[in-house]
Amino acid sequence: MFQRILPYLLAGISVGGQYALIAVGYTMVYGILRLINFAHGDIFTAAGFFMVYLTASGMPMYFSIPLVVILTVLLGFTVERVAYKPLRSAPRMSIMISAIGVSYLLQHLMWYITGGLTKQYPTIPWISDTVTVLGASTRRVTIITPFLVAALVVALVALIKKTKIGMAMRAVSRDFETAQLMGIKINNVISTTFIIGSALAAVGSFLFFSNYTAVSPPAGAMPGLKAFVAAVFGGIGSIPGAVFGALIIGICENFIKSVGYANFSDAFTFALLIVVLLFKPTGLFGEKTSEKV
Amino acid sequence: MSLLTVSDLRVSYGGIEALKGISFSVEEGKIVTLIGANGAGKSTTLRTIAGLVKPASGKIEFEGKDITGHDAQKVVSGGIALVPEGRRVFDNLSVLENLRIGAYLRKDEAGIKSDIEHVYELFPRLKERHWQLAGTLSGGEQQMLAVGRAMMTRPKVMMMDEPSLGLAPLVVKDIFSIIKTLNESGMTILLIEQNANAALRCAHEGYVLETGRITMAGTCAELLNDQRVKGAYLGSASKK
Ligand SMILES: Nc1ncnc2c1ncn2[C@@H]1O[C@H](COP(=O)(O)OP(=O)(O)OP(=O)(O)O)[C@@H](O)[C@H]1O
Ligand SMILES: [Mg+2]
């Protein structure tokens, strides 16, 4: 029995960890701007394409991997500066609409650049190797993902709890104006949030696409949506919540597949969203009421 | 010499003029108070000086330099702190973090530590609760924290927006005695109050603000004895 479910459990934790890296970006941006950054899934896809094109250009991996992170961070940063910052004092609905616009813009840019063709994701050596764990054979990326995610999340939580910039992030997430009165440049803090979120999405893209091996313009939409559901499920704004939600979704999806209902695994995620919104709209770890004044 | 001078300041919110050309000055070492009814433009005045609101016209000078339209961040690093209306402590940060964030722009760790100790001496209650989330403090403690947080910016002028708002009479007394203490240690204070009686007894000079205009000015002793002030502000204040 255990032998039968082990591969699904491993796959579930792994894909959950990959959702978690995307979900943290959603939840951090929501925490600070009360904005659902619809473009985040497309930034994740773009990270996949950056890797494809950099590798195709003949660049060695040890060079292209950090460069992908840098390009993804630049993209996230630019999106915030161009599409969200000018709307800082506009009604929240306007920024949401701007985010939806950016999402479509990025997606269609990717259609345009790739000609709509699905690209083969380059094989990252070592992490793509096949290994055997307790009799189950899997790729090494499946085993690494949970550890990498745990390390990154612990580092991120430490950053937020223990450092000066983390303190500023918590302050800005509560009260822009008073944070400014303390001398905090809120735009820098908001940019930092987007930079961290995009960098984690880039790391997530290495893991996710190494597993799924194909990148197409809508490839990030489904993991992006699931990561978003994970963030809502965990309580949007909460980092541990997002990670926990992502793991639950990853594991449940794979168990549903293991009992032969693979077709329903996506439906499960969205059913979960509806149930959460109906019965506990603030999510598992969500703050009670954090409407901004 | 006056430390802070405001001349002919006008501020509008989307076409509605909240300040219709006000002028006043704050001398170094003094407590100056602006009194006025709800909506007179008191908070707008402080928020404009602090750089949160951009004026339509007029001039704000601090230590002889023009600071009109400067960003909030620049104003606070220049030495003007605002204790905002409604305290606005960061409820998700601990008491100690709230003080530390007041020192956000400072690099002198030794100075920050000794200033925190100084705040704790002034407000022993904050020391006892230094690890507690600010959101769990009482209203009076939150006000003390907001003052302590502003002190951490090492201001030359501290602006306070209705520090007594919503506090019990005994705590209000504490707050005013803290204002006195701060001033005696050399801090210049610009104080806004609806509690005109207490404010005029605490301050040296006062201005009366009515719907965006300054209608009276003088020493607090003069204003306290003025029939119009008595009629409009002191009667109602003592009834409250
Ligand atoms: N953000 C804003 N947008 C539009 N109008 C505003 C804004 N802030 C203040 N006002 C208006 O400007 C005027 C002055 O407001 P302000 O807050 O300065 O008054 P106040 O004297 O501080 O009053 P209170 O004693 O009630 O705090 C009011 O008519 C108010 O409605
Ligand atoms: Mg006010």
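The following legends describe close-up views of a predicted two-chain model with a bound ligand.

In this predicted model, local features need pLDDT of at least 70, side-chain atom pairs count only at pLDDT 80 or more, and totals for chains, interfaces and linings use all residues. Residues are numbered from 1 along each chain as its sequence is written, and chains are lettered from A and ligands numbered from 1 in the order in which they are written.

**View 1. The shell of residues around ligand 1 in chain B.** Ligand 1 is surrounded by B:Tyr13, B:Ala18, B:Gly36, B:Asn38, B:Gly39, B:Ala40, B:Gly41, B:Lys42, B:Ser43, B:Thr44, B:Glu85 and B:Gln194 (a residue is near a molecule or strand if its C-beta atom, placed from the backbone, lies within 6 Å of it). Helix H1 (residues 42-49) of chain B gives the largest share of this shell, three residues. Helices (H or I, at least four residues) and strands (E, at least two) are DSSP runs, numbered from the N terminus. By class, the shell holds three nonpolar, seven polar and two charged residues; Ala, Val, Leu, Ile, Met, Phe, Trp, Tyr, Cys and Pro count as nonpolar, Asp, Glu, Lys and Arg as charged, and the others, Gly among them, as polar.

**View 2. The interface between chain B and chain A.** In this interface, 20 residues of chain B are in contact with 14 residues of chain A (two residues are in contact if their C-beta atoms, placed from the backbone, lie within 7 Å). On the side of chain B that touches chain A, helix H2 (72-78) and helix H3 (95-102) of chain B each supply at least two residues. That side of chain B comprises eleven nonpolar, five polar and four charged residues.

**View 3. The largest nonpolar core.** A nonpolar core is a set of buried Ala, Val, Leu, Ile, Met, Phe, Trp, Tyr and Cys residues joined through C-beta atoms within 7 Å. A residue is buried if 20 or more other C-beta atoms lie within 10 Å of its own, exposed if 12 or fewer, and partly exposed in between, with C-beta atoms placed from the backbone. The largest core has 159 residues, and those with the most contacts inside it are A:Ala20, A:Ala23, A:Ala171, A:Ala230, A:Ala246, B:Ala50 and B:Met159. Helix H1 (residues 2-33) of chain A gives the most to this core, with 16 residues. Apart from neighbours within four places in sequence, A:Ala230 is in contact with A:Tyr19, A:Ala20, A:Ala23, A:Ala242, A:Gly245, A:Ala246 and A:Ile249.

**View 4. The loop of chain A that holds A:Ile127.** A:Ile127 lies between strand S1 (119-120) and strand S2 (130-133) of chain A. This residue counts as partly exposed because it has 18 C-beta neighbours inside 10 Å. Not counting residues up to four places away in sequence, A:Ile127 touches A:Arg140, A:Val141, A:Ile144 and A:Ser210.

**View 5. The six-stranded open sheet of chain B.** The strand order is S6-S7-S8-S3-S9-S10, and the pairing is mixed (two strands pair if DSSP finds at least two bridges between them). Strand S6 (80-83) and strand S10 (213-219) of chain B each have a single partner strand, so one side of each is left without a neighbour in the sheet. S3(B) and S9(B) pair in the parallel sense over five bridges, with B:Tyr207 in S9(B) as the bridge partner of B:Leu34. Strand S9 (residues 205-210) of chain B pairs with S10(B) in the antiparallel sense over six bridges; B:Val208 stands opposite B:Met216, and B:Glu210 opposite B:Arg213. In the hairpin of these two strands, which has two residues between the strands, B:Thr211 takes a positive phi near 35 degrees. Five of the six residues of S9(B) are buried.

**View 6. The four-stranded open sheet of chain B.** The strands follow the order S2-S1-S4-S5 with antiparallel pairing. Strand S2 (16-27) and strand S5 (65-66) of chain B stand at the edges, each with a single partner strand. Strand S1 (residues 2-13) and strand S4 (residues 57-62) of chain B pair over five bridges, and B:Leu4 stands opposite B:Phe62 in S4(B). In the loop between S4 and S5 of chain B lies B:Glu63, a residue other than glycine with a positive phi near 50 degrees. B:Glu63 is partly exposed because 16 other C-beta atoms lie within 10 Å.
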